[in-house]
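Open the structure in your viewer, set it to a cartoon representation, and keep the selection panel at hand. The stops below can be followed in order.

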Amino acid sequence: MQQERLIPLVDEGLGNSAYLLDTGDGRALAVDAPRDLRALRAAASKRGLTVAWAADTHLHADFLSGAVQLAASDGAQILASAAGMRAFDHHGLVDGDEVDLGGLTLRAVATPGHTAEHLSFLLLDGPAPVGVFTGGSLIVGSAARTDLLGDDRTSGLARAQYASVHRLAALPDATHVWPTHGAGSFCSAPPGAARTSTIGAEKTGNPLLAAADVDAFVAQLVGSLGSYPAYFRWLGEVNRRGPAVIDTTPALPQLSEGEVRRLLADGAVIVDVRPVADVAAGHIPGAIAIPLRAQFATWLGWLVSPELPVVIVRNPDQDPADILWPALNIGFDRLAGELAGGMAAWAGEVTTTRLVRPDQVDAPVLDIRQAAEYGSGHLPGAVHLELGDLLAAGDAVPAGPAVVMCGHGERAMTAATLLEHTGRRDLAVLAGGPDDWAAATGRHLQDGS
């Protein structure tokens, strides 16, 4: 099989790859397609392909699967683990089952660990392995996290993951490795790793495959696990039941200032997606700033309940589709709408937030990055609280004036607006990150926790 027949579709925000495989007869296989099918549909249309099969390696916790949508709109057959007990029509597979892709063969390989029902899919051209879609089993430089089903199952799943990755490592060295989770994924991919690999490369360079035994493997894997977004706790079950089919083009209803005020009185949340400088210059009191970028969905799902009405504030040059589809991808199906006309239409009070340059840090620093980021280098004396823990931190949040910082400024502005919601008015946001501060001041960062 020619490698160019496989089209990886990378979501930089969630850190994942979906795959579109041209089977050579006008049909295609989609693997781990997200609910946001824009990139996949564009790739299929460009090549004149019809998606005939939609395979899911596991019950995803970090995004809603697009398989049900592909079945409804394209007539695709859904391929997934029988052990997943999915509540919709699908071809349930067990270890060793094979599916004829019209000249190529897809073989199910049981690889529990990341989830209990996890399958990898080995692609065969005749008897020869070509590559394996490994989902959240063997990934580039690591293996995906095993704590998504609860602390009481983490160790057992890590032991299963040990057996699974070693089973995959027994494939021929030339076999391509096509994982779903990659750099940037909260499913535990190492930073900076390539998106794809080979079995031979992983046997040489994956530190987990070098673990002396299962106990060492478990200690190494579990010890590397950081925090993960709140929505990971419920999306797997939504995927088991099957996400709702989207029948119409999503749109943001236009809301007047009066309608926004009424929604706020009823408990709605305002999410301001404008750039950091615009939010700093003036935002609606109580709004949560989540600047629109690749990671928008992650922080929306981590910090906002999908049960609450959400009102969007955006700039005219920000595409509503780039807000709606990432939200739909993580189960936010009920955005109430957007403030018609944006901030220019808001006649009420606004809150401003002071921005400071790296050479202007004039107060104690609150660093809200992930623990691994903080440990790799932070300003001396900086207090550390992860953004995802901020609302529950209570007294751990330092009182008094503070400069909130992250890697660039976006997450820091989110943190500042969350704290402003609790009544804080003594916060500034660092426009930059620790490396910018070090360069501007000539001082050294501090390592460790």
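Begin by selecting strand E5 together with strand E6 (residues 91–93), which pair in the parallel sense over three bridges. Within this pairing, alanine 80 stands opposite glycine 92 in E6. Bear in mind throughout that this is a predicted model.

Keep E5 selected and add strand E4 (residues 50–55), which also pairs with E5 in the parallel sense, again over three bridges. Here alanine 55 has leucine 79 of E5 as its bridge partner. If helix H2 (residues 67–74) is now added to the selection, E4, H2 and E5 can be seen to make a right-handed β-α-β unit. Is E5 largely enclosed or left open by the rest of the structure? Four of the five residues of strand E5 (residues 77–81) are buried, so the strand is largely enclosed by the rest of the structure.

**An open sheet of five strands**

Next, select the five strands that form an open sheet in the order E15-E19-E18-E16-E17, where the pairing is parallel. At the edges stand strand E15 (254–255) and strand E17 (288–289), each of which has a single partner strand, so one side of each is left without a neighbour in the sheet. Inside the order, zoom in on strand E18 (residues 310–313) and strand E19 (residues 335–339), which run parallel and are joined by three bridges. To find one of these contacts, select valine 310, whose bridge partner in E19 is leucine 335.

**The second largest pocket**

Now switch on a surface and centre the view on Val10, Asp11, Asp36, Arg38 and Asn329, which, of the 25 residues lining the second largest pocket, are the closest to its centre. The volume of this pocket is about 460 Å³. Which elements give two or more residues to its lining? They are strand E1 (6–11), strand E2 (16–22), helix H1 (38–46), helix H9 (296–303) and helix H10 (321–329). The largest share of the lining, four residues, comes from H10. Colouring the lining of this pocket by class will show 15 nonpolar, four polar and six charged residues.

**Two cavities**

The last stops are enclosed spaces, for which a clipped or transparent surface is convenient. Rolling a probe the size of a water molecule over the atoms shows where empty space is left. A search of the whole structure finds two cavities of 30 Å³ or more.

For the largest cavity, with a volume of about 40 Å³, select the lining residues Gly13, Leu14, Asp62, Gly184, Ser185, Phe186, Pro229, Tyr231, Phe232 and Thr298. By class, this lining has five nonpolar, four polar and one charged residues.

For the second largest cavity, which has a volume of about 30 Å³, select Ile290, Pro291, Arg293, Gln295, Phe296, Trp299, Glu410, Arg411 and Thr414, the residues that line it. Two elements, H9 and helix H12 (410–421), give two or more residues to this lining. H12 gives the most to the lining of the second largest cavity, with three residues. Coloured by class, the lining of the second largest cavity divides into four nonpolar, two polar and three charged residues.

To end the tour, leave H9 selected and go back and forth between two of the stops, since H9 is among the elements that give two or more residues to the lining of the second largest pocket and is also one of those that do so for the second largest cavity.

Technical notes: Residues numbered from 1 in each chain as written. Predicted model: local features only at pLDDT ≥ 70, side-chain atom pairs only at ≥ 80, totals over all residues. Heavy atoms only, no water. 1 Å grid on protein atoms, 1.4 Å probe; cavity = no way out; pocket = protein on both sides within 12 Å on 5 of 7 lines; lining within 4 Å. Points joined across faces, edges and corners; volume = space filled by probe spheres on them. Nonpolar A, V, L, I, M, F, W, Y, C, P; charged D, E, K, R; others polar. Pairing = 2+ DSSP bridges. Buried < 20%, exposed > 50% of the residue type's maximum accessible area, 1.4 Å probe, protein only. Right-handed = clockwise from strand over helix to strand, strands pointing away.
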